[in-house]
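Q: Please take a close look at one part of this chain, the salt bridges, and then set that part in its surroundings. Keep it brisk.

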Amino acid sequence: MSLRGKVLGLVEVLLRVPPIFVLDEIFKLGTEFIYGEITPNEFDSFGGQYDHRENANETAFLLFDPTMSKFIFRTVVNVVVGAIVCLSAMCMFVLETKHLMVVYLYLTSIGVVITSVFANLRTVRTVLMDESHLNGTLSPLQMFHDFDLKQLLNERGSMFQVTENYVIQTILAFVFINIHLGPRYTALQRLLPVSFLLPSLLVVLPVPDTFLRYSPIVSALLPIAMVKFVLWSSFMAIALSLGTGYVKAKTFISNFGVSALVESEWLRLNVPEVLRTFWILRTVEHAGCFILSDDWDLDDVHSVYFRLLKYLLVSGCDTLTAVLGLTSVVSYICNYIGKFFQWILLTEDENDKNFGTVSAIVFYILALQTGLTSLEPEVRFIRLCRNFCLLFTALLHFTHNIVNPLLMSLSASHNPSLRRHGHALVVCAVLVFLSFTLMYLLWTTQETSTWLLAVTAFSIEVIVKVMVSLAIYSLFLYDARRETFWEKLDDYIYYIRSFGNTIEFCFGIFLFFNGAWILLFESGSAIRAIMMCIHAYFNIWCDAKAGWSVFMKRRSAVNKIDSLPEADSTQLQSLDDVCSICYQEMFSAKITKCKHFFHGVCLRKWLYVQDRCPLCHKILHLNDESKSPPPQDPPLPDPLVEEEYNR
């Protein structure tokens with residue numbers, strides 16, 4: 001991508017960050033924004049009313065109590081305002097770039113008008129309260145006429161503020177003239193600077209104080225009228241854009257589905273980059289606040305950099321939007337970790353490029369399970385560190401999922417590249433080392449808890465997976481050096497994988513009961529209960545069902561193979577052919593009922609898929625009623641034979 005494209009992409013991302021900040025502030029206020037702050041007097045009023053209403057009707061109390069009515073009204077207003085603000089922010093976020101620019105120009109013009117009004121009000125108030133103006137001893141016009149620089153540049157004098165306001169209003173007028181979306185008639189464009197500078201011009205003239213007091217409001221009438229005109233004249237365009245967007249979305253969903261629409265909008269809005277930029281800017285803001293506060297010079301056993309890191313992590317996940325931003329940052333880092341392992345393993349598999357996506361999902365689910373946003377700062381920091389440990393074990397599992405198929409392909413394909421073999425083995429050694437190191441550090445520094453048991457179970461599971469992969473890898477390498485066909489290889493691989501799957505299944509059951517203990521006695525939540533149900537279904541029930549299905553298919557295939565006769569050496573010599581499944585020489589073979597020869601192991605693998613001969617496609621076991629061919633009707637008599645018989 002060119003430099004211009006990168007700059008435009010960065011600008012588009014920055015344009016979508018402010019709506020996220022608005023949502024973040026709404027989430028940060030939380031219940032305070034909805035219910036507001038209730039003073040102690042209001043609480044006493046509630047209590048007093050309840051204490052003295054022994055014979056009063058409760059409904060009448062709720063309807064006519066002024067304090068309760070005020071509280072309900074304020075709550076309803078806050079809820080409505082919060083919902084409108086959130087909806088507006090989300091609508092701004094999904095706008096196209098050109099429409100987003102229009103919205104920002106309109107909001108900027110409103111901000112310019114408001115700034116101009118407050119600056120003019122401050123200047124007029126200062127001039128009216130100035131002693132020289134009250135006493136009439138010194139006229140501002142006389143100052144300009146005499147060019148009295150001492151009085152004009154006196155920071156404590158009113159004329160210095162008038163001069164400052166003149167510069168500010170000139171800048172604001174220039175900005176408003178160039179960005180406003182109203183009609184650009186020549187007369188209006190010339191009147192706008194006069195409108196902005198009107199109070200600054202009147203304070204130097206001998207006009208009554210009444211004119212000065214109302215001059216800021218009068219000067220803002222023209223800009224406000226233009227802003228109002230733009231708002232009212234844009235209603236039809238906004239309604240038309242909403243209707244067009246709805247029709248496009250409906251057509252897209254009918255043609256491609258909801259998932260395709262979500263994916264398309266996700267890519268168009270560049271959501272991960274926006275959330276990442278939002279979190280970084282938010283963290284920079286909090287870092288500046290920490291440095292400027294007294295916490296920077298606080299004497300503590302920990303270093304100032306540790307306290308800064310702790311503060312940034314704690315404040316970086318105090319709202320849902322902040323957690324999403326932190327998740328995007330974690331996804332970005334994990335994505336590069338996955339690319340690093342891919343670079344070491346010399347692989348470019350497309351299925352391994354979702355490393356960051358899966359890591360983000362795991363981290364966000366952990367954040368929802370532990371309820372990070374609702375915890376106290378100290379507890380939140382501890383839970384966040386524990387989540388990072390669990391995420392670290394998940395990264396080890398993801399890395400094993402990358403290296404395991406590579407090991408199998410290198411050994412089964414007899415790849416002679418020692419470099420690729422060495423890199424894969426080094427990654428396996430690193431996985432085992434990191435798992436043992438993590439368990440050692442945690443068990444020597446932390447007390448025994450359900451969280452520590454879960455991390456230990458995940459770490460041991462990684463070690464077991466790596467050992468199973470290395471064992472199968474070694475068997476394949478040994479088979480590659482053999483000159484004859486190794487029929488027991490399939491049995492050994494099945495036993496090793498069954499052992500590994502059994503260990504994983506046991507750990508799955510252990511983690512289920514560990515999670516149940518946490519749910520019932522430590523920190524129960526609806527998200528945790530849902531995740532436990534998902535874990536129980538996919539990692540326990542589905543795995544058990546799949547394992548039992550494989551066991552039954554294997555046992556059925558073994559019984560069928562054992563029922564077939566074994567070929568002797570004489571038959572093999574007379575055949576003088578290879579196995580039609582693996583194309584290797586046969587020193588032992590099974591003979592099917594259709595008189596075809598195959599390796600017993602090869603035929604057993606074939607029977608996992610279907611029960612027909614690989615060559616002639618005849619049923620191998622007619623004794624199996626469920627797979628026996630359907631009965632055929634007797635053949636019809638030939639007419640010529642029947643006529644000869646009648647004669």
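Which residues join Asp24, Arg282 and Asp318 into one network, and by what kind of link? Please work outward from there.

A: A caution before the details: this is a predicted model. Every value below is computed from it.

Start with the frame. The protein chain has 28 helices and 2 strands. Of its 647 residues, 36% are buried. Among contacts with a separation of 6 or more, 67% are between residues 24 or more positions apart. The accessible surface comes to about 40,000 Å². Carbon and sulfur atoms hold 66% of that surface.

Now the salt bridges. Side chains of opposite charge can pair when their charged atoms come close. The count here is 9 salt bridges, with a side-chain nitrogen of Lys or Arg within 4 Å of a carboxyl oxygen of Asp or Glu as the rule.

Take Arg282 and Asp318. Their side chains meet in a salt bridge at 2.7 Å, N to O. Arg282 sits in helix α17, residues 271-292, while Asp318 sits in the loop between α18 (304-315) and α19 (320-345), so the pair ties together parts that are 36 residues apart in sequence. Arg282 has 2% relative accessibility, so it counts as buried.

Glu378 and Lys310 make another salt bridge. Their closest N and O atoms are 2.8 Å apart. This pair links distant parts of the chain. Glu378 belongs to helix α21, residues 377-412, and Lys310 to helix α18, 68 residues apart. Glu378 is partly exposed, with a relative accessible area of 48%.

That brings us to the network. Asp24, Arg282 and Asp318 are joined into one by salt bridges that share partners.

A further salt bridge pairs the side chains of Arg16 and Glu12, at 3.6 Å, N to O. The two ends of this pair are covered to unlike degrees. Arg16 is buried, with a relative accessible area of 1%. Glu12 has 27% relative accessibility and counts as partly exposed. The cut-off for buried is under 20%, so Arg16 falls below it.

Next, the nonpolar surface. A patch of about 850 Å² is made by Phe27, Leu320, Leu368, Ile527, Ile530, Ile534, Tyr537, Phe538 and Trp541. Helix α25 gives the most to this patch, with 6 residues. Tyr537 lies in α25. Its relative accessible area is 45%, so Tyr537 is partly exposed.

Helix α25, residues 526-563, also has a part in covering another helix. In helix α27, residues 600-609, the buried residues are Gly600, Val601, Cys602, Leu603, Arg604 and Leu607. Their cover includes α24, α25, β1 (590-591) and β2 (597-598).

Helix α24 deserves its own look. It spans residues 489-521 and contains Asn514. Asn514 has 9% relative accessibility, so it counts as buried. A polar atom of its side chain lies 3.2 Å from the backbone oxygen of Thr450. Leaving out residues up to four places away in sequence, Asn514 touches Thr450, Leu453 and Ala454. Thr450 therefore appears both in that polar pair and in the list of residues touched, where contact means heavy atoms within 4.5 Å.

Helix α27 also leads to an annotated stretch. The UniProt annotation "domain: RING-type", from an unreviewed entry, covers residues 579-617. The end C-alpha atoms of residues 579-617 lie 16 Å apart. This span is 26% helix and 10% strand.

Two backbone angles are worth a check. Tyr583 has a positive phi of about 60°, although it is not a glycine. Tyr583 is found in the loop between α26 (569-575) and β1. At 63% relative accessibility, Tyr583 counts as exposed. Leu346 also has a positive phi, about 55°, and is not a glycine. Leu346 lies in the loop between α19 and α20 (355-370). At 33% relative accessibility, Leu346 counts as partly exposed.

Back to the request. The network consists of Asp24, Arg282 and Asp318, joined through salt bridges that share partners. Within it, the Arg282 and Asp318 side chains meet at 2.7 Å.

Definitions and conventions: Residues are numbered from 1 along each chain as its sequence is written. This is a predicted model: local features need pLDDT of at least 70, side-chain atom pairs count only at pLDDT 80 or more; totals for chains, interfaces and linings use all residues. Side-chain values use heavy atoms; hydrogens and water are left out. UniProt positions are given in the numbering used here, feature names are shortened, and annotations may be inferred rather than shown by experiment. Helices (H or I, at least four residues) and strands (E, at least two) are DSSP runs, numbered from the N terminus. Buried means under 20% relative accessible area, exposed over 50%, partly exposed in between (1.4 Å probe, protein chains only). A polar contact is a pair of N or O atoms within 3.5 Å; within protein, one must be able to donate a hydrogen and the other to accept it, and residues adjacent in sequence count only if both atoms are side-chain atoms. Patches are made of residues with over 30% relative accessible area and no salt bridge: like charges are joined within 9 Å, nonpolar side chains (Val, Leu, Ile, Met, Phe, Trp, Tyr) within 5 Å. Accessible areas come from the Shrake-Rupley method with a 1.4 Å probe; for residues, only the protein chains shown count as cover.
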